Amino acid sequence: MPRKDGDGRATSAGTLIVGASQAGLQLAVSLRQLGDTEPIVLVGEEPHAPYQRPPLSKEFLSGAAELDSLAFRAPSFYPDNGIELVSGERITTLRPGLAVTASGRELPYGRLALTTGAGPRRLRVPGAELAGVCYLRDHDDAAGLRGELASASRVVVVGGGFIGLEAASVARAAGLAVTVVEAADRLLGRAVAPLVSEFYARAHRRRGVRVLLSTGVTAFEPSADGSRVSGVVLADGTVVPADLVLVGVGAVPRTELAEQLGLECRGGIVVDASARTSDPSVVAAGDCTVQPHPLTGEGLVRIESVQNAVAQAGTAAATLLGRPAPAKAVPWFWSYQGDLRLQIAGLSTGHDATVVRGVPDDEHFSVLYYRDGRLVAVDAVNRPADYMAVRKALTQGATVPAGAAADADVPLKSLITEARSAAPAA
Ligand SMILES: Cc1cc2nc3c(=O)[nH]c(=O)nc-3n(C[C@H](O)[C@H](O)[C@H](O)COP(=O)(O)OP(=O)(O)OC[C@H]3O[C@@H](n4cnc5c(N)ncnc54)[C@H](O)[C@@H]3O)c2cc1C
């Protein structure tokens, strides 16, 4: 029962978590694990209990998984742990101590955590509202896209990022004609080295995907009766026929509530290493945040990954309870595009040298990234042992000398050495 303050207004010593997904649920779980016994209300706009998003562009899209199997927890978990899960309600107003949902429900709170995630970046071109032009962020998007794929024959994916390429793999494996249109001159440009981008372009082409680089989209063409999309108009005027379009051009952090509270936002809700916002009593975690680089502490980075959402949520829970933050974790990420299993450890931003292990076109290689002679990240394609070794080295604050790393026959884990004795990267 909410308590009342002197003016009869409802108050609560409990925690309100806005956004019931990877970060929000983890925050609630971490609060309980840290011994918090106060009420926890976890509010989510989606009608479903929290579920894993990564399979949406992989197993779920291909039909190998259903929503039930993606749920993080059994329904009983929430009442059993004193977590009030409020699904299908969007918080539209936040004032100190009180949140109000779109349906008018009032939720008083003592402590506030924002885990509002991100939404898909929309493409604003003529025809963007036509049926058959899809986005992929949540379960309902994925279910709609899966239904569309069942009757599509020509698919265009706009955007050569992780989600677009994963979905392109699924569509191609189902025997559909697939074209990927990317505005930049390489795939995955924000995430990996040019060599890895070039590998992905070749690998998808080998599988029959048409990959168009340095190619903008100016409009979507309607079918003769205007009922749905029939083609994608490229910047040079060429029209690529399509009965289904997936737009995967990035995600925009959802900062509207943080802005309402006057919190500092710069391409995401600005938080410090303890997940505190510019109001030290409010924490935020996951895709909605920008934070100091988790390894170097320099500059603000926005990290869209499961690992980051989980780690930052754990930190946010500790901060709310006035406990020390858990030790910094090494960022990691994966992207499975059919049989191409990419695993990333560390953050390669700012690297000044790379070492390649193996032959990319064998579809079994890794790229180690160095900055000032120090190992900072790895991209491993179908080489899980390399990924594990680098993750271990980074966790230990160790390195792998660049000169020795190039020999793909020598296990990387046997080369891990103290960072100080590292040879400069080649
Ligand atoms: C298709 C897809 C594939 C992915 N694949 C991978 C992968 O392979 N590996 C990997 O590491 N990461 C992957 N990711 C990224 C990963 O899923 C995200 O980093 C993670 O979900 C972030 O969690 P979050 O809780 O911060 O945000 P989100 O998962 O975006 O959740 C935020 C939630 O808050 C809710 N919300 C927002 N505003 C309000 C409001 N005002 N009121 C109530 N509720 C609100 C939203 O509805 C949403 O449910 C993928 C993401 C997608 C979409």
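Here is a run of questions and answers on this predicted model, starting at the ligand and moving out through the chain.

Q: Which residues come nearest to the ligand?
A: The ligand has 33 residues around it. Five of these come nearest, and they are Ser21, Glu46, Arg53, Lys58 and Arg137.

Q: How far is a polar side-chain atom of Arg137 from an oxygen atom of the ligand?
A: Start with Ser21, where a polar side-chain atom sits 2.7 Å from a ligand oxygen. Ala23 uses its backbone instead, with an N or O atom 2.9 Å from an oxygen of the ligand. Arg137 goes back to the side chain, and its polar atom lies from a ligand oxygen at 2.7 Å.

Q: What percentage of the ligand's exposed area does the protein bury?
A: Polar contacts to ligand oxygens come from Ser21 and from Arg137, among others. Taken alone, the ligand would expose 1000 Å². Of that area, the protein buries 97%.

Q: Which helices and strands each supply at least two residues of the shell around the ligand?
A: Two helices do so, H1 (22–33) and H9 (306–320). Two strands do so as well, E4 (40–44) and E24 (332–337). In chain order, the elements to look at are H1, E4, H9 and E24.

Q: Which domains each give at least three residues to the shell around the ligand?
A: One contributor is built from two stretches, 3–119 and 252–320, and the other spans 133–249. Each gives the shell at least three residues. They are domain 1 and domain 2.

Q: How many residues of the ligand shell are nonpolar?
A: Sort the shell by class and you get 10 charged residues and 10 polar ones. The nonpolar residues number 13.

Q: What is the angle between the planes of Phe77 and Tyr78?
A: The structure holds five aromatic pairs. One of them is Phe77 with Tyr78, with ring centres 5.4 Å apart. The pair is classed as edge-to-face, and the angle between the planes is 90°.

Q: Why do Phe77 and Tyr78 count as buried or exposed?
A: The cut-off for buried is under 20% relative accessible area. Phe77 has 15%, and Tyr78 has 3%. Both values fall under the cut-off, so Phe77 and Tyr78 count as buried.

Q: Which residues form one aromatic cluster with Tyr200?
A: Tyr200 belongs to an aromatic cluster along with two Phe residues. Those partners are Phe199 and Phe365.

Q: Where is Ala275, and what is its phi?
A: Look in the loop between strands E20 (269–270) and E21 (282–284). Ala275 is buried there, at 1% relative accessible area. Its phi is positive even though the residue isn't glycine, with a value near 70°.

Q: Is Asp372 buried or exposed?
A: Asp372 sits in the loop between strand E27 (365–371) and strand E28 (374–381). It isn't a glycine, yet it has a positive phi of about 50°. Exposed takes over 50% relative accessible area. Asp372 has 70%, so it counts as exposed.

Q: What separates the C-alpha atoms of Gly358 and Ala408?
A: Gly358 lies in the loop between strand E26 (353–357) and E27. It counts as partly exposed, at 25% relative accessibility. Along the chain, Gly358 and Ala408 are 50 residues apart, and their C-alpha atoms are separated by 5.4 Å.

Q: What separates the C-alpha atoms of Leu320 and Glu59?
A: Leu320 is part of helix H9. At 15% relative accessibility, Leu320 counts as buried. Leu320 and Glu59 are 261 residues apart along the chain, and their C-alpha atoms are separated by 36 Å.

Q: How far apart in space are Arg190 and Ala20, C-alpha to C-alpha?
A: Find Arg190 in the loop between strand E13 (177–181) and helix H7 (194–206). Arg190 is exposed, with 79% relative accessible area. Arg190 and Ala20 are 170 residues apart in sequence, and C-alpha to C-alpha the spacing is 27 Å.

Q: How far apart in space are Val271 and Leu340, C-alpha to C-alpha?
A: Val271 is placed in the loop between E20 and E21. It is buried, with a relative accessible area of 3%. In sequence, Val271 and Leu340 are 69 residues apart, and C-alpha to C-alpha they are apart by 34 Å.

Conventions. Residues numbered from 1 in each chain as written. Predicted model: local features only at pLDDT ≥ 70, side-chain atom pairs only at ≥ 80, totals over all residues. Heavy atoms only, no water. Near = heavy atom within 4 Å. Polar contact = N/O pair within 3.5 Å; in protein donor to acceptor, adjacent residues only side chain to side chain. Areas by Shrake-Rupley, 256 points an atom, 1.4 Å probe, with all protein chains shown as cover. Helix = DSSP H or I, 4+ residues; strand = E, 2+ residues; numbered from the N terminus. Nonpolar A, V, L, I, M, F, W, Y, C, P; charged D, E, K, R; others polar. Domains from an automatic or database assignment. Phe/Tyr/Trp six-rings, centres within 6.5 Å; stacked < 30°, edge-to-face > 60°. Buried < 20%, exposed > 50% of the residue type's maximum accessible area, 1.4 Å probe, protein only.
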